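Here are a few short exercises to work through with the structure open in your viewer. Try each one before you read its solution.

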Amino acid sequence: IGDETAVRAVDGDGASFCMSPGRTVPSEQTYCYGILTGRLPSIIPDTRAEERVASLPITETADIGAFTSVPLRFSDGRLYGTLCAANHKAMPSLGYRDLQFLHVFARILADQLERDEIQERSTHLRSQASAAAILIAAVEARDSYTGEHSQAVVALAIAVATKLGLSDAEVTDVGQVALL
């Protein structure tokens, strides 16, 4: 959690309900920050009765009466963001079942976001590998010794990067730099 949190309306009347898309506010002034840091409960059935949020400017500005939020975490533990639900009116019946539903929905959403991220990374890596293969083929076509030498340099650089414990992305970068 940084000093500022970007808030973006995704669907519904978010732009008029809470904030305009893309606007930033100091993170300590957000419900989500308070919930993620454990300063606020995950379920707030009546924001005006909860003194910790009644004084937050967003409560009045957005006319928030009830609020609940859960983190969107990837399988490796990274925090992607939060999934929030709010209502203009207090909802005394808002409870644990609603929070559990939001957790299930957040898990489904986080899984899909993570799959999309993995697919994008995979596509990028395939594209990089193709470019490297084309470059090696061009070098080999011009001079077989230089092509073989280039492949040996790349293999050695990748082995060293792997031994150093670099991430997959960093190992790929090292291989490309070695090829160049």
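**Exercise 1: a surface patch**

In which helix does Leu 156 lie? Then work out whether Leu 156 is buried or exposed, and find the patch it belongs to.

Solution. Keep in mind that you're looking at a predicted model.
- Step one: Leu 156 sits in helix H6, which covers residues 144-163.
- Step two: the relative accessible area of Leu 156 is 58%. The cut-off for exposed is over 50%, so Leu 156 counts as exposed.
- Step three: Leu 156 joins Val 160, Leu 164 and Leu 166 in a nonpolar patch on the surface. Together these residues offer about 390 Å² of accessible area.

**Exercise 2: cysteines**

How many disulfides does a search of the whole structure find? Also sort Cys 32 and Cys 84 by how accessible they are.

Solution.
- Step one: recall that a disulfide covalently links the sulfur atoms of two cysteines.
- Step two: run the search over the whole structure, and you get zero disulfides.
- Step three: Cys 32 has a relative accessible area of 16%. Buried means under 20%, so Cys 32 is buried.
- Step four: Cys 84 comes out at 34% relative accessibility, so this one is partly exposed.

**Exercise 3: building the sheet**

What is the order of the strands in the open sheet, and which of them are edge strands?

Solution.
- Step one: begin with strand S3 (residues 43-44), which is antiparallel to S4 and joined to it by two bridges. Here Ile 44 stands opposite Phe 67 in S4.
- Step two: move on to S4 and strand S5 (residues 79-87), an antiparallel pair with eight bridges. Thr 68 faces Ala 85 of S5 across this pairing, standing opposite it.
- Step three: put the pairs together, and you have an open sheet of three strands in the order S3-S4-S5, with antiparallel pairing. S3 and S5 are the edge strands, as each pairs on one side only.

**Exercise 4: strand S4 and its hairpin**

How many residues of strand S4 are buried, and which residue of the S4 and S5 hairpin takes a positive phi?

Solution.
- Step one: S4 spans residues 66-73, and six of its eight residues are buried, leaving the strand mostly covered.
- Step two: the hairpin has five residues between S4 and S5. Check the backbone there: Gly 77 takes a positive phi near 95 degrees.

Key: Residues are numbered from 1 along each chain as its sequence is written. This is a predicted model: local features need pLDDT of at least 70, side-chain atom pairs count only at pLDDT 80 or more; totals for chains, interfaces and linings use all residues. Side-chain values use heavy atoms; hydrogens and water are left out. Patches are made of residues with over 30% relative accessible area and no salt bridge: like charges are joined within 9 Å, nonpolar side chains (Val, Leu, Ile, Met, Phe, Trp, Tyr) within 5 Å. Accessible areas come from the Shrake-Rupley method with a 1.4 Å probe; for residues, only the protein chains shown count as cover. A salt bridge is a side-chain nitrogen of Lys or Arg within 4 Å of a carboxyl oxygen of Asp or Glu. Helices (H or I, at least four residues) and strands (E, at least two) are DSSP runs, numbered from the N terminus. Buried means under 20% relative accessible area, exposed over 50%, partly exposed in between (1.4 Å probe, protein chains only). A disulfide is a pair of cysteine sulfur atoms within 2.5 Å. Two strands pair if DSSP finds at least two bridges between them.
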